[in-house]
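This report concerns how two helices pack against each other and how a small sheet is built. Please examine the model before reading on.

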Amino acid sequence: MANNVTEQNQTPNAGDLYAKRIPIYPRSVKGKFRTFKSSVLALAFLVFYLLPWVPWNRGEGLPGQAVFFDLTAKTFYIFSLPVDIQNIFWLAGVLAIFAFLLFFVTAILGRVFCGYFCFQTLWTDAFIMIESLIQGNRNARKRLHEGPWNGEKITKIGLTWLVWLIVAFWTGFTFTSYWMPAPELIKVVFTGGAPVAAYGAIAFITAATFIMAGFSREQVCTYMCPYARFQGVMFDKDTLIVTYDYNRGEREKGRAKPTKNLRDRDERIKEGYGDCIDCDLCVQVCPAGIDIRDGINYKCITCGLCIDACHNMMTSLKYPTGLIRYDSETGLEGKKTNYFRPRNIGYAIVLLIVIAILSWSVMHRDVAHYIVESSRKPPTLLSDGRVQNTYELKFNNLTLEPQQMHIALEDPGYDLSMSFNDIVLKPNERVALNAAVRKDRDVAFVPDVTFVLTITNPDTGEVVDVQKLKAIFLKK
């Protein structure tokens with residue numbers, strides 16, 4: 001077994017509370033899972049780093065950034081969808097979708113989220129690529145780190161850390177630019193004019209990225225992430241995981257190197273040796289430093305790199321592939337894996353329901369938010385005998401277009417008196433208006449009056465929405 005794995009499995013001496021981390025130097029590998037991981041990494045980085053620089057025209061006075069979280073206006077802008085504080089419950093829907101999607105995927109495919117999509121995995125993968133580019137392959141990196149400090153070591157490690165720091169800083173800057181316009185932020189950050197909160201956010205994300213992806217790496221997944229601990233209760237015999245076919249790989253006499261007499265597979269089978277040639281490539285490519293041949297390990301992030309390594313070796317020896325593969329415990333027993341289990345169906349149903357509710361809510365969202373409240377001032381008896389009640393009308397334009405608000409009363413014999421009507425609200429503008437409602441002396445009292453709010457587009461005159469709002473009308 002490889003030296004680094006032996007070291008990984010060392011236990012601390014009696015009385016030690018912490019075992020020193022043994023560095024892992026993953027070996028590069030080619031294959032379909034490595035290609036998929038690299039594709040996900042490239043796509044994720046393109047979206048994350050470039051999205052703040054994508055312009056999006058929302059009109060005068062509104063953020064011109066495709067995705068922007070405006071805390072001052074209490075509004076999130078996601079392309080053409082403004083999410084006002086009144087729609088914050090959408091966040092609960094999004095979180096529920098992520099949660100049930102994670103449960104659903106984990107129950108079927110194991111920890112594929114960890115292996116391909118987790119932020120820790122993506123940035124660690126990128127940092128390992130940078131390390132390999134500067135310091136060389138696995139063996140070269142291992143020799144460099146274990147050797148004495150000299151000019152070469154200082155230069156290569158120093159350059160690696162510098163590039164890591166640049167990537168980490170740009171990660172922190174990009175994260176912050178979702179909360180402050182990127183073109184404006186880049187100017188004030190380098191001129192010393194950015195808010196303290198912006199510098200704090202950039203510094204925190206920079207430090208976290210530099211440490212987590214550069215030095216902690218697999219320890220974040222092993223010790224800090226709770227998912228590694230509770231994922232076991234989400235697995236069953238039909239969950240697909242990265243697994244080693246022990247019976248085929250070991251047979252009666254275990255593993256053996258492909259020596260002259262044991263290179264031919266038929267001869268190995270005849271002698272009772274397994275297909276595993278004990279090359280340790282599956283161990284050397286593992287970013288968590290585990291040996292998948294030892295059985296299921298909670299440190300495994302199901303990235304599939306060991307499958308690529310084993311597949312390449314089996315192909316070169318002209319052995320059947322699949323010695324290490326995605327399979328379930330049921331599949332290893334020669335039975336058919338059942339994906340349509342009650343738990344999976346339950347997850348899928350709940351997931352579809354939450355998606356449907358959230359989608360309906362977004363498509364039928366209010367174009368404005370409006371409230372009519374009775375003022376604290378008691379009813380007034382006017383000199384002509386009419387009774388007057390006062391109200392406060394609050395309107396909030398929730399769209400990215402201007403809106404004209406016209407207020408009228410539906411009840412005959414009740415008159416509306418207000419200083420401003422047909423007011424035009426800019427996108428995301430709020431306004432509070434005072435209004436008085438007067439009842440003629442000969443008109444019977446009604447328990448409440450009905451305000452009719454007609455919302456039109458001031459540019460086209462098109463009626464956008466009509467709402468009726470009721471408010472209590474009190475006697476003198």
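Helices α3 and α17 are roughly antiparallel to each other, a label given to angles over 145 degrees. Their axes cross at roughly 155° and come within 9 Å; axes are lines fitted to C-alpha atoms, for helices over the stretch in contact, and angles run from 0 to 180 degrees between N-to-C directions. Helices (H or I, at least four residues) and strands (E, at least two) are DSSP runs, numbered from the N terminus.

This is a predicted model, in which local features need pLDDT of at least 70, side-chain atom pairs count only at pLDDT 80 or more, and totals for chains, interfaces and linings use all residues. Residues are numbered from 1 along each chain as its sequence is written, and side-chain values use heavy atoms, without hydrogens and water.

Residues of α3, including W90, F100 and F104, meet residues of α17, among them Y347, L351 and L358; contact means heavy atoms within 4.5 Å.

The UniProt record (unreviewed entry) places the feature "transmembrane region" at spans that include the two below; such annotations may be inferred rather than shown by experiment.

| Span | Helix | Strand | Distance between end C-alpha atoms |
|---|---|---|---|
| residues 88-108 | 95% | 0% | 31 Å |
| residues 345-363 | 100% | 0% | 27 Å |

Elsewhere, 3 strands form an open antiparallel sheet in the order β1-β2-β3; strands pair if DSSP finds at least two bridges between them. β1 (67-70) and β3 (81-84) each have a single partner strand, so one side of each lacks a neighbour in the sheet. Strand β2 (residues 75-78) is joined to β3 by 4 bridges, and F76 stands opposite V83 in β3.

Technical notes. Angles under 35 degrees count as roughly parallel, over 145 as roughly antiparallel, 65 to 115 as roughly perpendicular and the rest as oblique.
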